[in-house]
Amino acid sequence: MTEPTGTEITPALEMRGITKRYPGVVANDGISLEVRPGEIHALLGENGAGKTTLMNVLYGLARPDEGEILLDGKPIRIAGPSDAIARGINMVHQHFMLVPVLSVADNILLGEETMANRIFLDRKEAHRRIVELGRRFGFEIDPEAKVGSLSVGWQQRVEILKALYRNARILVLDEPTAVLTPQETEEIFAVLRRLATEGHSIVFISHKLYEVLEVADRITVIRRGRVVGQRLPSETNEDDLAELMVGREVQLTVDRGISHPGAPVLRVTGLEAKDDRGHPAVRGVDLEVRAGEILGIAGVAGNGQDELVESIIGLRHPTAGTVTLAGTDVTGHSPRDMNEAAVAYVPADRHRFGLIKSFSLADNLVLTSYYRPPYAHGVLRNGDAIQKDAISAVERFDIRTPSPTVAAGTLSGGNQQKAVVAREFDRDLKLLVLDQPTRGLDVGSIEFIHRQVIAKRDAGTAVLLVSAELDEVLEMSDRIGVMFGGRIVAVVDGRTADKNEVGLLMATGGTERGAAAPVEAAS
Amino acid sequence: MTASAAPGSAPSRPSASLGARAWSVVAVPLVVTVLSVLLGALIMLFSELLVPGKKFDWGLPLAAYSALVNGAVGGPDAIVSTLVYSTPLVFGGLAVGFGFKAGLFNIGAQGQFLVGALGAVMAGVALANAPAAIAIPLAVLAGIVAGGIWGFIPGFLKAVSGAHEVVSTIMMNYIAVQLLAALVSGPLKVPRSPSPVTFDVGNAAFPIILAPNGHLGILLAVLAALFVWWLLYRTTWGFEVRSVGANRDAARYAGMRPKLITVATMTFCGALAGLAGTSVLLGVTHTMTSSFGTTVGFDSIAVALLARSNPLVIVPAALLFGGMRAGAGLMQIQAQIPVELVDVLQATILLFLVASPVLRRLLRVSGRDAGSVVTGATVSSLGSGGVAI
């Protein structure tokens, strides 16, 4: 045995002094990372800190300018993803790379075909291995199930299975819990721990502090392309990590103060709407939001929240029910009408709805008001007013940009969302509808946006806040409605709500099969 | 890559000099054109080998190109001729380029061109004896309206049923060709004429503003380019068009009405292409034969791509293609190179443009590519076509 016999264990993976420069920025500045066999190693950092670049280097998608990668102590060069996979390095992306219409087995076999002979796949052998792998790591799965019919949590397990099927030794998970309920998160953590005890090394990328504390064996924090600290979960806490990550003290929970609810502003009764495929998505929702209060809607993504919000805001035609705004029926009004009626909307998908990435920041800041004075007189646009407004918004909303003329798509996610917030918040509002307002943002931006929302509430705006991030709903809301299967299944007080209770409601709808039946019959 | 900014500083580029910015705009079109010219030279040399018994002449491409250039810009008459050839290409390039800006691929410029000319000839013949001050505006208007209708139909179909404009405009091209043939050899034909030809447009013909044959349309084309630029970048309407083209969902979210904008845009594109046909008819031919119908509509696509849909760049791009057309005759006479070489040059320019991502990487210039404009527009509209609500 040539193995060193001391206390030093050869790391399964070591990245030494990785530097990656892009024009104008150093994305990784001498980052070193060491992952031991059987370790869950969390990589913590804000968006844009360089986590993704580092993992792209590891996966062969980016070539480092300096530094080296060692696998089991031996320096290697990774030419591309297939090379990385061949060496047992696998990545589970935030956005699953699965084909929904194919079965679990077919998805796993894609690109890693187990052949019976030169022509035909050996499905039987593949099935056997998939079932066996699942059993070994504590989740049995039907290889014939269509991936599209699986819940998000199970789809993620398929991604992990895919990696295991390819004999992954080092598994990189990029923000794996972003789409999961608390219960699903627990389950996936159990899977990860099991994988680790079997000797797999796991790199867990996240910016959620409590998760990192819960699941990781070691935590490496990076900021602005550099490693700023390494911690063991036992010797740190959320405040310490947040400060490391952001570089200053951060208030993790916004002091929401006391709300002074006034008259009802938004009233939704019996609302029903279909999703893009024509299936019922909202099945009879009643809700009321009063001036100066925040109604949070908790729910696992895909339970009709997006359709509910779109129906309220005029992007989707409700099939039944009414929406009234301060007593006026606005059911089926256009987005422009709603905008004119002092309703603002921050959409869940800022890339698809909130921004036009190829347009300048200034143009994006007037995307919903471009036709109004002072930004336009008749059909003539007023470039000076647009520019002046942009400069002021950039300052007041702390949008970090070289200039208002740069394309919005070049800004970081946090600054893009700040631009949306600046645009939508910067006037007197009756109703503010927020759909996932902080998804994918770093703690600094989240803190900023939450403060803005509270300020709006205190100015007397009715706020409807939809979020799949349960913590966000719990922290922000005065009242919480839980959405499940297209209905609001419970409304609880925001100050006394219990996380586990709400989580359970999100996952099950809070009812046994029988109890849901009468509602079904009524609709 | 010497600049290594402090880590985490906002990703800002050193403010590029004006020269560098201009280079990033013209680099690809310029290199593409040079490559095409070189390839054309190779083709000419190769074609010499196919003629048996002829002495091989290394200087042939040079002779051909100098004749081409001579025919395009060698003297006042040649320059005016280039302007005349370029005029419909400016209108057509705008018709295609404006569509690209709204995310629409208007392959139907050819049909709109023909129908526009048809509208102009019908009005022009009817008003042939009216005072020019009345006849010309009305004939132009007829051309605009006719082309506009030809653009409106696919736009409307797309808005109500999601029918993809690439498919429907191609269909509309066929209908236009047959409609023209039927009308010119039928109701519009000069009675007892041996060949199918219409009456002359008489007083509706464009006056000559540049001797010997530079007609009013030249001026109109320049004005149209300025107008389209102003419309796109200085008005809320243009902002809506560009928004719908860049991100249809965001446009809808922002309270715009993408369907309405699609219909309006296609109608406007049709009107511009109709003006292209009108300018040829009232400015050059004055009558219509059943063989009216050049490749203007298709050349316009190349012009729009070369100019990356920028209305002001469309003018020089049209001049390049128009100049090649204008000089082709002299090239054939002096160097015995058939005029079709110009088509080959245009085609290779297009091919190189599609490959422009590669060129950009080689030239180290950033920016959007003509190829991605097309594929982006088609793919996105193909995608949305299927699920249009």
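**Exercise 1. Work out how many residues each chain gives to the contact between chain B and chain A, and which elements of chain B take part.**

Solution. Start with the count: chain B puts in 24 residues and chain A 34, where two residues are in contact if their C-beta atoms, placed from the backbone, lie within 7 Å. Next, look for elements of chain B that supply two or more residues to its side: these are α8 (236–246) and α9 (248–253) of chain B. Helices here are DSSP runs (H or I, at least four residues) and strands likewise (E, at least two), numbered from the N terminus. With five residues, α8(B) gives the most to that side. Finally, sort the chain B side by class: twelve residues are nonpolar, eight polar and four charged. Ala, Val, Leu, Ile, Met, Phe, Trp, Tyr, Cys and Pro count as nonpolar, Asp, Glu, Lys and Arg as charged, and the others, Gly among them, as polar.

A word on the model: it is predicted, so local features need pLDDT of at least 70 and side-chain atom pairs count only at pLDDT 80 or more, while totals for chains, interfaces and linings use all residues. Residues are numbered from 1 along each chain as its sequence is written, and chains are lettered from A and ligands numbered from 1 in the order in which they are written.

**Exercise 2. Trace the six-stranded open sheet of chain A and find what packs on it.**

Solution. First, follow the order β6-β7-β8-β3-β9-β10 of chain A, with mixed pairing; two strands pair if DSSP finds at least two bridges between them. The edges are β6 (89–92) and β10 (226–231) of chain A, each pairing on one side only. Then zoom in on β7 (residues 170–174) and β8 (residues 201–206) of chain A, parallel strands joined by five bridges. Here Leu171(A) faces Ile202(A) of β8(A). Now add helix α6 (residues 182–197) of chain A, which packs on the sheet and touches β3, β7 and β8 of chain A.

**Exercise 3. Describe how α11 and α12 of chain B pack.**

Solution. Begin with the geometry: α11 (residues 296–306) and α12 (residues 311–335) of chain B pack at about 135 degrees, axes 8 Å apart. Axes are lines fitted to C-alpha atoms, for helices over the stretch in contact, and angles run from 0 to 180 degrees between N-to-C directions. Last, name the partners: among them, Ala302(B) and Leu306(B) in α11(B), and Ile314(B) and Phe321(B) in α12(B). This contact has eight nonpolar, no polar and one charged residues.
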